[in-house]
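Open the model in your viewer and keep the selection box handy. We will go from one stop to the next, and at each one you will hear what to pick and what is there.

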Amino acid sequence: MLSTYVFFTFLDTSSKYLVLAGVSALIVAWARFTVHVLLVGVFLRGWREPSRFRANNLPAHILRGGLLFGSTMCNVMALKTLQLAETTSIYFFGPMVITALAGPLLGEWAGWRRWLAILSGFVGVLVITRPGVGVFGVGHLFALGSMLSNSFYVIMTRRMSASESSESLILFSALAPALLLLPMLPFSHQLPQDGWHWFILAMLGVFGAGGHWLLVQAYRLATTTALAPYPYSQMVWMILSGWIIFHQFPDRWTLVGAAIIVASGLYIIHREHRLRLRNRTTVDVEAEALAKKL
């Protein structure tokens, strides 16, 4: 799981490096998804068992891919003006948004404690963006758009995981954005200018696909609850990467806001773990009582 978020840090750092060098955000996003699709086909050997990639609900796959495309494009645009630590901090508010959306969309309602944590996380976002004091800008809007789009993407993944294969979810999450971007490419003329930039562009898909592959391996080896806190390790990698590559270090407001968001997210993880344990204990007690009657 730690390696997963190192790969995702490389992905965001490379994307920021390219857009600052003048490469079109559309080209950056398209390369990231296209190389991802090629790697998925090669490593999962799609030509042997194509049935594994069959889509039972193609419109849902396209919509889910469109949400990931929106999240990626907004993130790349945000990286033009924001530090890596800023975009990551706002992105970490996503799990709280997902917890809020899970009620009306999935029937998984949060209690008042988790709602307080969600509100606390929102305060953290306000500390980072500081609207009304001349700090909030278009980059923050793109970062918020990326986070919201990704939250709906995760909600759709939860809903579709019951009827769609994991292979189809992995493939179409990259194939749909790559195809959606194709008609826009002729309007983008800001290509990489040298071999080094072309190399970094090709590596975007490696970082993205590699990160997702490591994520799958992590969930094979450990439970969701055990792995839940580790995504927040990305904040460390993002701060280090921003400092080393771009000579940027987050200000105290970003650090304070990030700390509030991380603390709120960790509390939600802790609370959901406690609730799962309580429900499991209740089921075990009921089963034992029923067994005594039989």
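## Starting at the cavity

Begin with helix α11, which gives three residues to the lining of the largest cavity, the most of any element. Before going on, please keep in mind that this is a predicted model.

To see the whole lining, select Q83, L84, A85, M238, I239, G242, Q248 and P250. Two elements, α4 (84-91) and α11, give two or more residues each to this lining. How much space lies in the largest cavity? The volume comes to about 30 Å³. If you are hunting for others, the structure holds one cavity of 30 Å³ or more.

Now colour the lining by residue class. You will find five nonpolar residues and three polar ones, with no charged residues in the lining of the largest cavity.

## Out to the nonpolar patch

Stay with α11, but turn to the surface. Select Y17, W196, F199, V236, L240, W243, I244, I245, F249 and L255, which together make a nonpolar surface patch of about 1000 Å². Which element gives the most to the nonpolar patch? That is α11 again, with five residues. Both α9 (195-221) and α11 supply at least two residues of the patch.

Two members of the patch deserve a click of their own. I244 is found in helix α11. Is I244 buried or exposed? Its relative accessible area is 54%, and the cut-off for exposed is over 50%, so I244 is exposed.

The other is Y17, in helix α1 (residues 2-20). At 31% relative accessibility, Y17 counts as partly exposed, because that class runs between the 20% and 50% cut-offs.

## Just past the end of α11

Next, select H247, in the loop between α11 (234-246) and α12 (252-293). Check its backbone angles: H247 has a positive phi of about 55 degrees, although it is not a glycine. Most residues other than glycine have a negative phi. The relative accessibility of H247 is 68%, so this residue counts as exposed.

## Into the second largest pocket

Now move to an open site. The second largest pocket has a volume of about 460 Å³. Its lining is made by 17 residues, and those closest to the pocket centre are V40, F43, L44, A209 and W213. Select these five to bring the centre into view.

Which elements each supply at least two residues of this lining? They are α2 (25-43), α8 (166-181) and α9. Of the elements, α9 gives the most to the lining of the second largest pocket, with eight residues. You have already met α9 as a supplier of at least two residues to the nonpolar patch.

Colour by class once more. The lining of the second largest pocket has nine nonpolar, five polar and three charged residues.

## Three distances to draw

Finish with the distance tool, set to C-alpha atoms.

- Go back to Y17 and draw a line to R130: their C-alpha atoms are separated by 26 Å, and the two residues are 113 apart along the chain.
- Select V6, also a residue of helix α1. V6 is partly exposed, with a relative accessible area of 25%. From V6 to F53, 47 residues apart along the chain, the C-alpha separation is 28 Å.
- Last, find G137 in the loop between α6 (112-129) and α7 (138-160). G137 has a relative accessible area of 25% and is partly exposed. Its C-alpha atom is separated by 26 Å from that of R32, and the two positions lie 105 residues apart in chain numbering.

Definitions and conventions: Residues are numbered from 1 along each chain as its sequence is written. This is a predicted model: local features need pLDDT of at least 70, side-chain atom pairs count only at pLDDT 80 or more; totals for chains, interfaces and linings use all residues. Side-chain values use heavy atoms; hydrogens and water are left out. Helices (H or I, at least four residues) and strands (E, at least two) are DSSP runs, numbered from the N terminus. Buried means under 20% relative accessible area, exposed over 50%, partly exposed in between (1.4 Å probe, protein chains only). On a 1 Å grid over the protein atoms alone, a cavity is a set of points where a 1.4 Å probe fits but cannot get out, and a pocket is an open set with protein on both sides within 12 Å along at least five of seven lines; lining residues have an atom within 4 Å of a point. Grid points are joined across faces, edges and corners, and a volume is the space filled by probe spheres set on the points. Ala, Val, Leu, Ile, Met, Phe, Trp, Tyr, Cys and Pro count as nonpolar, Asp, Glu, Lys and Arg as charged, and the others, Gly among them, as polar. Patches are made of residues with over 30% relative accessible area and no salt bridge: like charges are joined within 9 Å, nonpolar side chains (Val, Leu, Ile, Met, Phe, Trp, Tyr) within 5 Å. Accessible areas come from the Shrake-Rupley method with a 1.4 Å probe; for residues, only the protein chains shown count as cover. A salt bridge is a side-chain nitrogen of Lys or Arg within 4 Å of a carboxyl oxygen of Asp or Glu.
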